[in-house]
Amino acid sequence: MHEPTSAAPEEPAPAQGPTLFDWEFATDPYPAYAWLREHSPVHRTRLPSGVEAWLVTRYADARQALADQRLSKNPEHHAEPAHAKGKTGIPGERKAELMTHLLNIDPPDHTRLRRLVSKAFTPRRVAEFAPRVQELTDHLIDAFAGRGEADLIHEFAFPLPIYAICEMLGVPREDQDDFRDWAGMMIRHGGGPRGGVARSVKQMRAYLGELIHRKRDDLGNDLISDLIRASDHGDHLTEAEATAMAFILLFAGFETTVNLIGNGVHSLFMNPGERARLQSSLAAGERDLLETGVEELLRYDGPVELATWRFATRPLVLGGQEIAVGDPVLVVLAAADRDPARFADPDALDLSRSDNQHLGYGHGIHYCLGAPLARLEGQTALATLLTRLPDLELAVPPTDLRWRGGLIMRGLRTLPVRFTPRN
Ligand code: HEM
């Protein structure tokens with residue numbers, strides 16, 4: 001059905017297309033995405049979970065799909081709803097209360113919740129938080145700087161976003177290590193409402209519910225208190241909605257940021273010229289290249305490989321392909337962001353790229369609510385690492401690195417580094 005028509009007979013026939021979702025693909029999916037973009041831009045495939053879905057890989061189609069109101073985020077619209085439940089990327093989400101989070105709902109419910117949460121999670125609140133993110137970053141680096149070696153995923157990229165979002169939400173310090181453990185369980189075992197993961201989700205949700213209940217009588221200067229305070233023409237979040245919201249902020253802002261830092265450092269290691277350029281610009285006290293650079297790292301090898309699920313509520317044509325009602329559609333952000341029809345020299349990392357409207361944070365009404373926080377964390381983490389540990393280098397051959405084979409996220413399991421020890 002998707003056979004290319006232009007291939008000359010003597011060329012190795014790519015009719016079957018690349019193998020998706022195996023080990024090789026997890027390590028480097030970009031050649032497979034290039035093939036799909038060219039030969040089968042809206043591609044029907046069977047996912048490892050057994051669910052059939054369309055993969056959208058061209059930039060123009062991806063942007064259209066992300067903003068298309070005929071594509072619903074509500075898994076009830078899947079032709080096989082029972083099958084789709086629990087497969088939208090959030091472990092243990094069968095629990096009804098957690099289903100009512102932003103990534104799972106459509107207007108008008110989405111509009112109402114997003115407006116309320118936007119009143120609490122403002123760019124100003126994020127900006128006020130900048131000195132604390134710097135402190136957290138320095139504190140984590142202090143713990144391994146004297147050793148001359150570290151695993152940057154476990155000792156740095158993983159704890160930073162967890163502590164950052166816990167502090168923003170107003171989780172007391174003494175409880176933050178519980179979150180680190182729960183989140184560790186979720187990231188180690190990925191999606192799927194199984195055993196330890198389901199338990200961690202349950203504990204996290206129960207804790208947040210209790211915290212919100214307590215804070216209601218004792219509002220403070222934190223994001224949970226602001227979520228409780230937020231009102232829109234007399235409308236407030238219910239306690240259950242505030243709990244789901246706190247949970248989605250933790251969940252959406254955690255593994256994404258781990259991978260922004262991990263993939264970002266990895267890309268800099270693989271592109272020493274660009275890394276040197278960034279380091280000298282930081283040494284000169286400049287920030288421009290850091291700011292465009294973090295956007296480029298998101299485009300080049302971003303944390304979110306596929307946007308979360310969408311389901312057709314009406315028949316539509318996408319990239320010339322007919323999509324039937326109930327069909328699941330996955331927008332492959334990683335493929336769209338390397339589309340040569342949109343980006344000049346898309347497979348090159350250019351930290352000063354200026355025409356860079358990448359889809360790493362999505363597009364349309366579900367555009368990442370946490371983008372200002374992610375940018376703050378990404379910029380602080382990379383600038384501080386490269387400034388404090390300027391001779392940071394990979395401690396293993398690049399071919400020894402292992403990538404997680406998740407569906408939605410792309411990230412490294414470990415990132416062993418070495419450097420001259422410093423105090
Ligand atoms: C939505 C990416 C960090 C909170 C999204 C979406 C993407 C994304 C692609 C849209 C998904 C879709 O349309 O299916 C990222 C990346 C991050 C990041 C690449 C880090 C580099 C964060 C952080 C937070 C956050 C730090 C909060 C603390 C959210 C929320 C949504 C969202 C709440 C849902 C918005 C809605 O449905 O209206 N993010 N995210 N994200 N993100 Fe992020």
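This is a short exchange about a predicted model of a protein chain with a ligand.

Biologist: What makes a feature or an atom pair count in this model?
Modeller: The model is predicted: local features need pLDDT of at least 70, side-chain atom pairs count only at pLDDT 80 or more, and totals for chains, interfaces and linings use all residues. Residues are numbered from 1 along each chain as its sequence is written.

Biologist: What makes a run a helix or a strand?
Modeller: Both are DSSP runs, numbered from the N terminus: helices are H or I with at least four residues, strands E with at least two. The protein chain has 18 helices and 12 strands.

Biologist: Why are β4 and β11 called edges of their sheet?
Modeller: The open sheet has the order β4-β12-β11, with antiparallel pairing. β4 (149–151) and β11 (393–394) each have a single partner strand, so one side of each is left without a neighbour in the sheet.

Biologist: How do you know that β11 and β12 pair?
Modeller: Pairing requires that DSSP finds at least two bridges between two strands. Two bridges join β11 to β12 (residues 416–418), so the definition is met. E393 stands opposite R418 in β12.

Biologist: What makes a residue near the ligand?
Modeller: Its C-beta atom, placed from the backbone, lies within 6 Å of the molecule. Of the 27 residues around the ligand, G253, G362, C368, G370 and A374 come nearest. Both α14 (239–270) and α18 (371–388) give two or more residues to this shell. The largest share, seven residues, comes from α14.
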